[in-house]
Amino acid sequence: MLEIKNLHARIAEDGTEIIRGLNLTVKNGEVAAIMGPNGSGKSTLSYILTGREDYEVTEGDILYNGESILEMDTSERAASGIFLAFQYPVEIPGVATMQFLKVAMNEQRKANGEDELTTPEFIRRVRAAAGELKIDMDMLKRPLNVGFSGGEKKRAEILQMALLEPKLCVLDETDSGLDIDALKVVSDGVNALRSPDRAIVVITHYQRLLEHIVPDTVHVLYQGRVIKSGDKSLAQVLETNGYAEIIEDAA
Ligand code: ADP
Ligand code: MG
Ligand code: MG
């Protein structure tokens, strides 16, 4: 589903190279974890996948279902089923969360040549997904993310993901700022989206999340490159030994 080949990318504004020859393959149905020390380029990678214009790809390619996405803009990528749950969800004053969800769902449907959802059908879907994530419908009347707690923001991200049913889900440190109960709810929400025709990329600093969302593969990102890949046991090794040994081996 996702094949990143020798990717090099830099910050558009000042030319600093952040991604430096990154290779990664994620198959249909797979849950891949990306781990790595702070500043290794995890969030940057997620932004580049969604086509953020602050970054320029200078070399290599990103294939999604066998085709390069580099020429696609952010909305085209979203319409094709790529979704990013942000590390720091953006507050959107003046737009009620419900309204935001409705526009997002209908824009996606329009891009795929489908009719708009009727209001009752839209509400039925939101109610069902919000229930799973233990989100109060009253919260959805408030402006998106404005004044939401850390846990509420992360739940709202997963709610969007559940409603948009993307094919490639990228979750950037969804566990940060969550207490243990919220972590469980959010993880259950992500696990419910596991499916043979969907790939999920979980970016995390900590092994804790991976006890709830058990990955098929684990990749260590360091200085803009994948320096080691393995199965879920690699996450445990990292938790016990830290990154130092793997970084030394890679050097
Ligand atoms: P991670 O998510 O792994 O902690 P990031 O992708 O956020 O790492 O950052 C990787 C490196 O790139 C850091 O040194 C960060 O400061 C730098 N960086 C990323 N984006 C920008 C930007 N837009 N402007 C300046 N520095 C950036
Ligand atoms: Mg960071
Ligand atoms: Mg980050």
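What follows is a short walk through some strands and helices of this structure, which is a predicted model.

Let me begin with strand β9, residues 168-172, which is mostly covered, since five of its five residues are buried. In a regular strand the side chains alternate between the two faces of the sheet. In β9, L168, V170 and D172 point one way while C169 and L171 point the other way, and the residues on both sides are buried. I would draw your attention to D172 in that list, because an aspartate counts as charged, and D172 is nonetheless among the buried residues of this strand.

Which strands does β9 pair with? On one hand there is β6, residues 82-85, which runs parallel to β9 and is joined to it by four bridges, and within this pairing L84 stands opposite V170. On the other hand there is β10, residues 199-203, which pairs with β9 in the parallel sense over five bridges, with V202 of β10 standing opposite L171. The connection from β9 to β10 involves helix α6, residues 180-192, and the three elements together make a right-handed β-α-β unit.

From β10 we can move to β3, residues 31-35. These two strands run parallel and are joined by four bridges, and the residue in β10 that stands opposite A32 is V201. A32 also has a bridge partner in β11, namely T217, and β11, which covers residues 217-222, pairs with β3 in the parallel sense over four bridges. Why do I describe β3 as largely enclosed by the rest of the structure? The reason is that five of its five residues are buried. V31, A33 and M35 point one way from β3, A32 and I34 point the other way, and again all of them are buried.

Now to the helices, and here I return to α6. Two packed helices are described by the angle between their axes and the distance between the axes. For α5, residues 150-164, and α6, the angle is about 10 degrees and the axes are 10 Å apart; angles under 35 degrees count as roughly parallel, and α5 and α6 are therefore roughly parallel to each other. The contact brings G151, K154, R155, I158 and A162 of α5 together with A182, V185, V186, G189 and V190 of α6. By class, that contact comprises six nonpolar, two polar and two charged residues.

There is also an open sheet of four strands with antiparallel pairing, in the order β2-β1-β4-β5. Its edge strands are β2 and β5, the latter being residues 67-68, and each of them pairs on one side only. Further in, β1 and β4, residues 55-64, pair in the antiparallel sense over eight bridges, and I11 stands opposite Y55 of β4.

Finally, a word on the loop between β1, residues 2-11, and β2, residues 17-26, which is where G15 lies. Is G15 buried or exposed? G15 has 9 other C-beta atoms within 10 Å, and the cut-off for an exposed residue is 12 or fewer, so G15 is exposed. To place this loop relative to the strands I began with, the C-alpha atoms of G15 and A199 are separated by 31 Å, the two residues being 184 apart along the chain.

Methods. Residues are numbered from 1 along each chain as its sequence is written. Chains are lettered from A and ligands numbered from 1 in the order in which they are written. This is a predicted model: local features need pLDDT of at least 70, side-chain atom pairs count only at pLDDT 80 or more; totals for chains, interfaces and linings use all residues. A residue is buried if 20 or more other C-beta atoms lie within 10 Å of its own, exposed if 12 or fewer, and partly exposed in between; C-beta atoms are placed from the backbone. Two strands pair if DSSP finds at least two bridges between them. A crossover is right-handed if, with the strands pointing away from the viewer, the path from the first strand over the helix to the second runs clockwise. Axes are lines fitted to C-alpha atoms, for helices over the stretch in contact, and angles run from 0 to 180 degrees between N-to-C directions. Angles under 35 degrees count as roughly parallel, over 145 as roughly antiparallel, 65 to 115 as roughly perpendicular and the rest as oblique. Two residues are in contact if their C-beta atoms, placed from the backbone, lie within 7 Å.
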